[in-house]
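User: I should like to learn how to read salt bridges and surface patches in a structural model. Please take me through the case at hand.

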Amino acid sequence: MYSIEKEFVDLMDKFRKLKSLDKILVNKLSFAEMIVLNHITEMSKDITVSNLSEDLKITKAAVSKLISNIEEKGFVERVEDKNDRRITHIAITPEGLENVEHANNNMEKHSKFIYEKMGEEDMKKLIELMKKLYKIMETEKKEKGKIDV
């Protein structure tokens, strides 16, 4: 029996299997790691796991794990606060900045390609539907609290 819910789930799974983001991201960063790394480049110098957790609305444990993974790849480093040893700051490395720039350039090229294939009208419709879906998911997330990635 046909179910629109099943079709939606199947389609989302097909997008996942395409792994199109793998072509955009570099150095085997996961999408979540790339979001964190990109966010770090946009933040002030006082970047901590707590700041990231609050800004990204994910648990401190999840942020800490992501930072550890990114640190292993050499894109960030933990720096102890000179005035308070309990505080550890997160600093992006030159390699991390280069990675973000490369991934952002790839994302821009990918977006332009999709726009050219879909056309402006369909892109506008897609964006509106994605915004609606985002609001629905955001509301659900707020009702359930922070999520762990």
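The dialogue below turns first to salt bridges and then to a surface patch.

User: How many salt bridges are counted here?

Analyst: A salt bridge requires a Lys or Arg side-chain nitrogen within 4 Å of a carboxyl oxygen of Asp or Glu. In this predicted model, the count comes to 9 salt bridges. One of them joins Asp10 to Lys6, with the closest N and O atoms 3.0 Å apart. Both residues belong to helix α1 and stand 4 residues apart, about one turn of the helix.

User: Which parts does the pair Glu33 and Lys73 tie together?

Analyst: In this pair the closest N and O atoms are 2.7 Å apart. Glu33 belongs to helix α3, whereas Lys73 sits in the loop between α5 and β1, so the salt bridge ties together parts 40 residues apart in sequence.

User: Is Glu33 buried or exposed?

Analyst: Residues under 20% relative accessible area count as buried. Glu33, at 5%, is therefore buried, while Lys73, at 33%, is partly exposed. Arg86, which forms a salt bridge with Asp84 at 2.9 Å between the closest N and O atoms, is exposed at 74%.

User: Which residues form the nonpolar patch on the surface?

Analyst: Such a patch joins nonpolar side chains within 5 Å of one another. Here the members include Phe8, Leu11, Phe15, Leu133 and Met137, and the patch has about 880 Å² of accessible area in total. The elements giving two or more residues are α1 and α7, and α1 gives the most, with 6 residues. Phe8, in helix α1, is partly exposed at 43% relative accessible area.

Conventions: Residues numbered from 1 in each chain as written. Predicted model: local features only at pLDDT ≥ 70, side-chain atom pairs only at ≥ 80, totals over all residues. Heavy atoms only, no water. Patch = residues over 30% accessible without salt bridge, like charges linked within 9 Å, V, L, I, M, F, W, Y side chains within 5 Å. Areas by Shrake-Rupley, 256 points an atom, 1.4 Å probe, with all protein chains shown as cover. Buried < 20%, exposed > 50% of the residue type's maximum accessible area, 1.4 Å probe, protein only.
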